[in-house]
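Subject: Structure handover

Dear colleague,

Here is the structure you asked to take over. My notes on what was found in it follow below.

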Amino acid sequence: MAVTVSPERDTVATPIQRALKEGFYAGAISLGLFVLFIGLKTGQNMSNELVVTTRWGLLAAVVIATAVGRFLYVAYGQPFMASQKITNVATGLLPASVASRFFQLPWFVAAVVVALLLFVFNSSLAGWVGAEPAGYLQFLRALAIIYVLACVIYYFRAFIHANFTRLGITALVLYPILVVAVLSLNAWSITGGLQGSLKWVDNFGIQILIYVMLAWGLNIVVGLAGLLDLGYVAFYALGAYAYALLATQYGLSFWILLPAAGAMAALWGVLLGFPVLRLRGDYLAIVTLAFGEIIRLVLINWREVTNGSAGISGIPKVSFFGLMSFNVSDPNYIAKVLGIAQSGAYYKIFLYYLILGLCLLTAFVTIRLRRLPVGRAWEALREDEIACRSLGINTTTTKLTAFATGAMFGGFAGSFFAARQGFVSPESFVFLESAIILAIVVLGGMGSLVGIAVAAMVMIGGTEALRELDFLKEIFGPDFTPELYRMLLFGMAMVIVMLWKPRGFVGSREPTAFLKERRAVSGSFTKEGHG
Amino acid sequence: MAGTTLLDIKGVQTYYGNIRALNGVDVTVKEGEIVALIGANGAGKSTLMMTIFGAPRARAGTITFAGTDITQLPTHEIARMRIAQSPEGRRIFPRMTVMENLQMGASLDNLKHYDEDVEKVFTLFPRLKERIAQRGGTLSGGEQQMLSIGRALMARPKLLLLDEPSLGLAPLIVKQIFDAIRELNRTQGLTVFLVEQNAFGALKLATRGYVMVNGNVTMSGTGKELLANPEVRAAYLEGGHH
C-alpha cells in the first residue's frame, strides 16, 4: 500500500492552496540558489584584507519576489489562462481574447492624449515637477507611445500579416531616413542631435542587420540542412580577415574583396565539410566547435600574418562603388563631389543600406534555393538521410553545398564587419558569437527567415537597448550598469521563449510545392526543442 | 511471361561487424515479375533489401542489375540505375508535405515528368490527393505507406523494392496496397521485389517466391507452389493469415 497516492488530496487542493505550496517551494529553491550569490559579497578593505559583507535584505527581497511571483502565477495566472480556452456554455464562444480587451478605443485615445501632452510640455516638465519625476514622466511617455503603436499594429494585424514582407522591407529601407530626420530635429532629447540619431542607425540598425545576415546564413546549414554547426563564427572571421589582410596589404577594393571573401569562406566551408560528412548531431557539433576554435587560435598565434591578438587596424573604408569615397582627405570625397556639408553620417547610412542589401541578398538566395532541387534536398536531408540516398540524392554534395553556401554568407558578413569597424582582432570571433548566432536561429524558429530576423532584433536590439536604460541608475544607484546583466537577461529570455514556444517565434514551415492554392500549414513543421 | 533477368543476386554475404547476416544468398528477379521474399523476424530479409542498395555493402558475392554490376556502387548511384525503394519503416519526410515528398521522389529527372507522374500516383492512391498539403508525419500509417510507394514510383523505376509494405496496417489497407502493387505490375509491367512477413498475402500476389531462414534462402518456387508446400504452411501460414 506504500505506493498508493491519495487522490482526494490532489483533487480538493484549491488553486490558492496549491499556489501557497508552490510559492513556498519556489522561495526555498531561490533561497538555496541565491544565498551565496546574493546573500554574501566578498571585497577588500583598506589594508587589502578579504572581507565578507552580508546582504540579507537584498536576499530576502529576491526570495520573497520569487515566492510571490510563483504564488501569483499559480493562483491567478494559470487559472486565467485555462479559462481562456473554455467556451461559454450559452454562446459556445471563447471568451474575448486578452488582446482585444487590452487594446480598446478609450485607452487608445487616452494614451494618444498623454503622449501628446507630454511631448508638448516636455521642455517645461522639469521646471514644474523637478528633474527626477520628469524622468519618470518621459518613461511614461515612452510607454504611452509603445501602447499606441501596439494598438495600431493590433487593429491592422490582418493587413500586416498579409503584406508582412513588403511592409518589413519598406520599414527597413525608410528606417535610417526617418530616424535621422526625426531625432536630429529633437535636439533636446537624450537621443537627439545628429550624433544621437546616428547611434540608432549604427548600434541598432547595422549591428542588428549583421546578426540577421549571420543568422540567415547559419540557417541554411542548421535550419534547412539540419547540420548543427557550433563554429559558424569561423567563417565570419575568415571573411573579416580576408578583407582586412587583402585590403591593407594589397589595397584592393571592398567590391572586389567582398566576393573574394565569400568565396574563400565557402572554400573553407567545403574543407570543413569533408571530414565531417559522416557526422550528425552532437558529433558534428563538437567537430565544428573545434573548427571555430582552431581558426581563432590560428589568428592569435600566426603573428607574422595576422598580427596576433593585437589585430589589424587601419582597414580601408568601403567606397561608393568606386565612384565616391568616404575619406575626407580623398579628392573624390562624397561631400566634395556632391557639394554638400561634410559629415560622418553619409558613411553610416551607406553602410546601413549596404548591409541591408546583403541581408536581402541572403534572404533572396535562401528563398530561391528552397524551391530548387538543391534546397529541397537540404530539407529532405534534415528529415531523413537514408531516404535521401535511396532516392538517388548525392548526400555528400548536398551537405557540402549547404556548408559552402552558409559559409559564403558568413564570409560576406565578415568582410562587411571588417570594413565597418576598421579594425579586426581574434577577440571578435569567440565561441560566444557562434552561440549567439545559433541561439538566434533556434529562437526564431529553424528555417524561418522572418522569425530569425525578429529574434535577432530582440536579442541584439535588446542588449543594445540595455545601454540606454539610464533611468535604472536612479533606482538602483549610480553603480548599476544594466549591460552587465545582458547575459542574464539573454538566458532568461531564451528559457522563456523555449517554454512558451518550443519551435521558436515562427514555428510554421512554409511549404515550397503547391498544386493549386497556397494553404496554411500546421504549426508543427519546424524542429522542436523537446524530444 | 518471364523475360530477361533484371536483378541477379549471387552468393551475397553481408556482415554487421563480425556477425554474418547473409550467408551467400542467390536471388533472381526477372523483368515483369513480382517476387516475394518471406521469412521470420531476423532472417535477413531487410538486410538483403539494404544490401541491394549498398548499405551495408556485400562482403562477398555480386549484385547485377540489368547487366551492370552494382555491388560496389554508392547508394545514390544505385538509385540512379532506376531502382526505387519503399524502405523499412517507410522513411517518408515527416515535416514536408505530401507534395514535397513526391517531388523528392522525382528529383532524379529534376521534375521533368512530374505532373504526369503525380497524376498516376493519385489515380493509384486517391487518398494521397486528399492529403496533398498535409505534412507527411501527420498521415496515418496506411497513407504513409502509400506515400512511400508513391514517392518511389515518382522516379519511374525499372525495379521497385518494397520492404514490408503491410507492416502495422489494418487488413483492409493491406489489401488496398497489395491490389495497387498487382495493378502496377499488370498495367505498367513494373517489376516488383517485395519482402514480407505476411506470407499468405505476399505469396498470393507473387509470381515467384523465396523463403529465407537465418540468412540462407532455403526454398524457392512459384507463389502457388510455396503456398501449397507443407513446410511453408507449417512455418508461416498455419494459425496465421487465411
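Helices α11 and α19 of chain A are oblique to each other, because angles that are neither under 35 degrees, nor over 145, nor from 65 to 115 count as oblique, and this pair packs at an angle of about 50°. Please keep in mind throughout that this is a predicted model.

Helix pairs in chain A

To stay with that pair: α11(A) covers residues 233–250 and α19(A) residues 395–421, and their axes are 6 Å apart. The crossing of α11(A) past α19(A) is right-handed. On the α11(A) side the contact includes Phe235(A), Tyr236(A), Leu238(A) and Tyr243(A), along with Ala237(A), Ala240(A), Ala242(A) and Ala244(A). Among the residues they meet in α19(A) are Phe412(A), Phe417(A), Gly410(A), Gly411(A), Gly414(A) and Ser415(A). Sorted by class, the contact of α11(A) with α19(A) holds 14 nonpolar and 5 polar residues, and no charged ones.

A second pair is formed by α2(A), residues 15–37, and α3(A), residues 56–83. Their axes lie 8 Å apart and the packing angle is about 150°. That angle makes α2(A) roughly antiparallel to α3(A), since the cut-off for this is over 145 degrees. Here too, α2(A) passes α3(A) in a right-handed crossing. The contact of α2(A) with α3(A) does have charged residues, 3 of them, beside 18 nonpolar and 4 polar.

The third pair is α20(A), residues 431–444, with α21(A), residues 449–466; their axes come within 7 Å and cross at roughly 125°. α20(A) is therefore oblique to α21(A). The crossing of α20(A) and α21(A) is right-handed. Helix α20(A) brings Ile436(A), Ala439(A), Ile440(A), Val441(A), Leu443(A) and Gly444(A) to the contact, and α21(A) brings Gly451(A), Ile452(A), Val454(A), Ala455(A), Ala456(A) and Met459(A). By class, the contact of α20(A) with α21(A) comes to 10 nonpolar, 2 polar and no charged residues.

Domains

The domain assignment splits chain A into domain 1 (7–83), domain 2 (98–162) and domain 3 (192–429). The centres of domain 1 and domain 2 of chain A, taken over C-alpha atoms, are separated by 34 Å.

Chain B is assigned domain 1, made of 1–82 + 158–242, and domain 2, which is 91–157. Between the centres of domain 1 and domain 2 of chain B, again over C-alpha atoms, there are 23 Å. In the contact of these two, domain 1 of chain B takes part with 14 residues and domain 2 of chain B with 12 residues. On the domain 1 side, the elements giving two or more residues are β7(B), residues 159–163, and α7(B), residues 171–188. The largest share of that side, 4 residues, comes from α7(B). The side of domain 1 of chain B that touches domain 2 of chain B has 9 nonpolar, 1 polar and 4 charged residues.

The sheet of chain B

Chain B has an open sheet of 4 strands in the order β2-β1-β4-β5, with antiparallel pairing. β2(B), residues 19–30, and β5(B), residues 68–69, are the edge strands, each pairing on one side only. Strand β4(B), residues 60–65, is joined to β5(B) by 2 bridges, and Thr64(B) has Asp69(B) in β5(B) as its bridge partner. Helix α1(B), residues 45–52, packs on the sheet and touches β1(B), β2(B) and β4(B). The direction of α1(B) makes about 70° with that of β2(B).

Two backbone details in chain B

Ala55(B) and Pro56(B) are joined by a cis peptide bond, with omega about 0°. Pro56(B) sits in the loop between α1 and β4 of chain B. Arg90(B) is not a glycine, yet has a positive phi of about 70°. The place of Arg90(B) is the loop between β6 (83–86) and α3 (98–105) of chain B.

Where the chains meet

The contact between the chains takes 24 residues from chain A and 26 residues from chain B. On the chain A side, α17(A), residues 373–383, and α18(A), residues 385–390, each supply at least two residues. The largest share of that side, 6 residues, is from α17(A). By class, the side of chain A that touches chain B has 12 nonpolar, 5 polar and 7 charged residues.

Regards

Definitions and conventions. Residues are numbered from 1 along each chain as its sequence is written. Chains are lettered from A and ligands numbered from 1 in the order in which they are written. This is a predicted model: local features need pLDDT of at least 70, side-chain atom pairs count only at pLDDT 80 or more; totals for chains, interfaces and linings use all residues. Two residues are in contact if their C-beta atoms, placed from the backbone, lie within 7 Å. Ala, Val, Leu, Ile, Met, Phe, Trp, Tyr, Cys and Pro count as nonpolar, Asp, Glu, Lys and Arg as charged, and the others, Gly among them, as polar. Two strands pair if DSSP finds at least two bridges between them. Axes are lines fitted to C-alpha atoms, for helices over the stretch in contact, and angles run from 0 to 180 degrees between N-to-C directions. Domain bounds come from an automatic or database domain assignment. A crossing is left-handed if the near helix is turned anticlockwise from the far one by less than a right angle, and right-handed if clockwise.
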